[in-house]
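The following exercises are intended for a reader new to this structure. Please attempt each task before consulting its solution.

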Amino acid sequence: MDPILKVIDLQVSYYTDAGRATALAGATFSLNPGEKLGLVGESGSGKSTMALAMVRMIKPPGRIEAGQVLVDGVNLTALSEKEMLQARLSKIAYIPQGAMNSLNPVTRIGSQMTDAVRAHDRGASKTSIDDRCRLALESVDLKPGVAQMYAHELSGGMKQRVCIAIGILLKPKVIICDEPTSALDVVTQRQVMETIDRVKDQIGAAVILIGHDMGLMAQFVDKVAVMYAGRLMEVSTVSQMFTDPIHPYAKALISSLPRLDNKGVFQGIPGLAPSLLRLPSGCPFHPRCSQAMDICRTDIPPSVTLPGERAVLCHLFSEKVQL
Amino acid sequence: MTHLLELKNVSKVYSRGLLSKIATTALADISLTLESDKPTIMTVAGESGSGKTTLAMLLLGFITPTTGQIFYKGEDISQLRGAERMTYRREVQAVFQDPFAVFNPFYTVDHLLTVPINRFKLAKSKKEARGIMTDTLEAVGLHPDDVLGKFPHQLSGGQRQRINVARALVLRPKLLVADEPVSMVDASLRASILDTLRGLQRDYGVSIIYITHDLTTAYHIAKSIIVLYRGNVMEVGDVDTIIKDPQHPYTRLLIDSIPWPDLSRRWGETEIKAKESDISDHGTGCKFLARCPFAMDPCQNPPPLFRLSEYHAASCYQYEEQPGLPADQLSSVLPV
Amino acid sequence: MTTAAISQPDVLRPGRFTLVLRYLRRNLGLVLGLLIVLGLMVFTVHGLLTVDPKGAYPLAVRPKLPPSLQHPFGTDFFGRDLYSAMVVGLWQTALIGIIAGTLGTTIGVVLGFTAAYFGGIFDTTIKGICQILTPIPAFLIQVIIAGSIDKREVTIYTMAFIVLLFSWMGPTLVIRSQVLSMKERQFVLVSKLSGMGDIGIIFQEILPNLLPFIAAALVGQVFASMFASFYLAVLGLGPLREPLLGNIIWAAQSQGAFFNGWWWWPLIPAGAMVLILFSLALINMGLDELANPRIRRTE
């Protein structure tokens, strides 16, 4: 099966008054149709930048320096503005953080959905648009009557499901959800995630879930990618990540998670994430790494592909160091 | 022996509308006591709309109860004046959810600490004040030189939240209300901030009321737990027992929906019977009736608490064989 | 080997002065506006120090002379040296603006704070009065008032008062709404927990955060008052002896200056007023760009 999404060496920088910050230092990964990828990392690790770069919504002073984003064979970074406008929502959909608070408060839900469709297909007939909207609302388990309501009449969970509905209106191949449930209760969160699962099956899309709740990742995704200081430190399947993480940062992250059998034992990761303006030399994690070697201070580790669809960015696994 | 804190049949009802008053019960009749000689950490858990924030505001004296009274060291807090009020204000402190919003953007972070020191005259000179600030910052795990003199936006979320805890600690409170103190902090830093809070109870004898919707953190820090749903107590008792083996259908649903970072524990074993948004009937029976898979006839009347063991009680007719627990004796089922 | 908390030295940030200069390079509108205001101020101050103020009044010099070396702006029908008139006039216009503007803003701050922070009857009263007075066409009332005062009693202070009468509501409502929103902010709640009383909260917590708004309101009020005095004077309702810009134009109009070929007479004060308003517009646009990051241009 050919991957539906291929990100190749994506690089993004921000040019600020204080210098150039490397937000994304070359990300490479791929996704098959129907697969779910979880993108985790601390704040400032580059996860939202990755999402914005994939839909080409990086605004100055940020810039995509290099790289390709191939969705269904089409390289999004090479498209013109106009073509990209068409590609957004129809090929790749992005549901940003806090989307539910960005619904237009003065127009009905239905007209917001209609606007989204019209922007891609001016000539579509009213009935075909209405049908699309109704189907989208049904997929997220909302009654068609919701189209006549205003945003403030809906609860948090319902608003988030509306945002998902808007995201799937044009049956995109890739759906990116950035912290879709951070403001929702545990039970509503479960409902919304189950909705995303169902919807993904219906339209055969791949899903990227961005967040920092490892528990949510464990319950929902197939693959997990851990980011740190703009780099993908480890990409593994979800069972590999939670039972046998290999990158020192991923290991520390997993062992700091609270579990039912380790009450009262707190294990944080000492130190702070580096500023993107002043990244450490070599591997960005080496100041906090319990297994740092001399080479980690000088050389950026290569990305090594291991059997079982794993990729890891660490000198511990590069051939040079293997004795 | 007067209790440190006593809530006697406290409730809070909001009514809207000019002609036809629509009443929303934020918190229904709740009674609670906390002792001063046994500092403990108690969790009040619930989703949004459960009444937990209302409870925090009532305890801090920012809103007044519709019925019932709140006593601090035997005195009704709404009647306190002058020096006694200042004592109450000093000894009952809070840490809030948003680490950034508590800072006045005009000042450096020092301002957050100097204000209470000045207001409560904790230091006789600037040097002494600075000493208190450095000591307290170190007690919460910060290097004073790293944070003093800086503006809030120059520090990380974790550092800001620790300064918030320091602000509360400076006043040497007896009771600390922590309203979602780590939910807006990076997951990797939560553990250490919770550890700091636990240290307050252990080393400074502070009783903590930890309010949250995140049962995983509650499990790790608290001893007792009260589960609220739409203003009513659903289940109460020892935190280990309730989280490992919940008896109330709502608590079961809650625990079941927690995404544990553990692949062997899949969420969603209980089905979600009805979505919260579809409920329009706010009737007079058990608050959980519309979503409860075990709904029975008696549930049309609000169920009282039934005692299931020494430190466990649930408000559900499934347990009506068990001895009833009068609402004002709620604290007897809380371990300390 | 892991280290404990690593602090972030902000070595990379260039000095504040460099940042300000770099910003100004991008925001030319703001720079131009500020330069014009600066230029007018220099002109006025220099003029006040060098020029004989008596020349600004009628019958001082030979009338109806076009601009020359001796009279750089010419003279008018009544024998004013227009250069002196401009200097004194600009100064007086500025004075009206400053008096009415500052008083208006101060009233706004005091009433706005009282209404918002203490609420209840204060809020209802103050808000009510503002809301009733605002839709009333101030211009009309000002004309009526100015027109009914005996011509000989109108001074620049009377003008300032008339202008003030209808300008204090704006700042009051703006400050009130800012305080209302700020009073709910969490840092105010935490101050209460830290033992601060109402007065402390008003002066130490809320007021410092409102300084930008108050400054903006002040600038706006000063300019608005200057303009109000201008249009009242143009209608002939000002203190006619004084060389206010509007007065000069009114006088020029009433003597048919253009038809008589004395083009310098109305043109020069009009030009000055245009410059003042143009600079205000530029500064406004420039500040808008500064305050609103979304339309901010970047290097």
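**Exercise 1.** In this predicted model, determine in which helix Thr195(A) is found and whether Thr195(A) is buried or exposed.

*Solution.* Thr195(A) is found in helix α6 of chain A. The relative accessible area of Thr195(A) is 2%. Buried means under 20%, so Thr195(A) counts as buried. Setting aside neighbours within four places in sequence, the contacts of Thr195(A) are Ser139(A), Val140(A) and Arg161(A).

**Exercise 2.** State the strand order of the open sheet of eight strands in chain A, and identify which strands stand at the edges.

*Solution.* The order is β6-β7-β8-β3-β9-β10-β12-β11 (chain A), and the pairing is mixed. β6 (92-95) and β11 (303-306) of chain A each have a single partner strand, so one side of each lacks a neighbour in the sheet, and these two stand at the edges. From one strand to the next, the twist averages 20°. Helix α6 (residues 186-203) of chain A packs on this sheet and touches β3, β7 (174-178) and β8 (206-211) of chain A. The direction of helix α6 makes about 155° with that of β8(A).

**Exercise 3.** Describe how strands β3 and β9 of chain A are joined.

*Solution.* Strand β3 (residues 36-40) and strand β9 (residues 223-228) of chain A run parallel and are joined by four bridges. Val40(A) has Val226(A) in β9(A) as its bridge partner.

**Exercise 4.** Locate Leu38(C) and name the nonpolar surface patch it helps to form.

*Solution.* Leu38(C) lies in helix α2 (residues 28-50) of chain C. Its relative accessible area is 45%, so Leu38(C) is partly exposed. Together with Leu35(C), Met41(C) and Val42(C), Leu38(C) forms a patch with about 390 Å² of accessible area in total.

How values were computed:
Residues numbered from 1 in each chain as written. Chains lettered and ligands numbered in written order. Predicted model: local features only at pLDDT ≥ 70, side-chain atom pairs only at ≥ 80, totals over all residues. Heavy atoms only, no water. Pairing = 2+ DSSP bridges. Axes fitted to C-alpha atoms, helices over the stretch in contact; angles between N-to-C directions. Contact = heavy atoms within 4.5 Å. Patch = residues over 30% accessible without salt bridge, like charges linked within 9 Å, V, L, I, M, F, W, Y side chains within 5 Å. Areas by Shrake-Rupley, 256 points an atom, 1.4 Å probe, with all protein chains shown as cover. Salt bridge = Lys/Arg side-chain N within 4 Å of Asp/Glu carboxyl O. Buried < 20%, exposed > 50% of the residue type's maximum accessible area, 1.4 Å probe, protein only.
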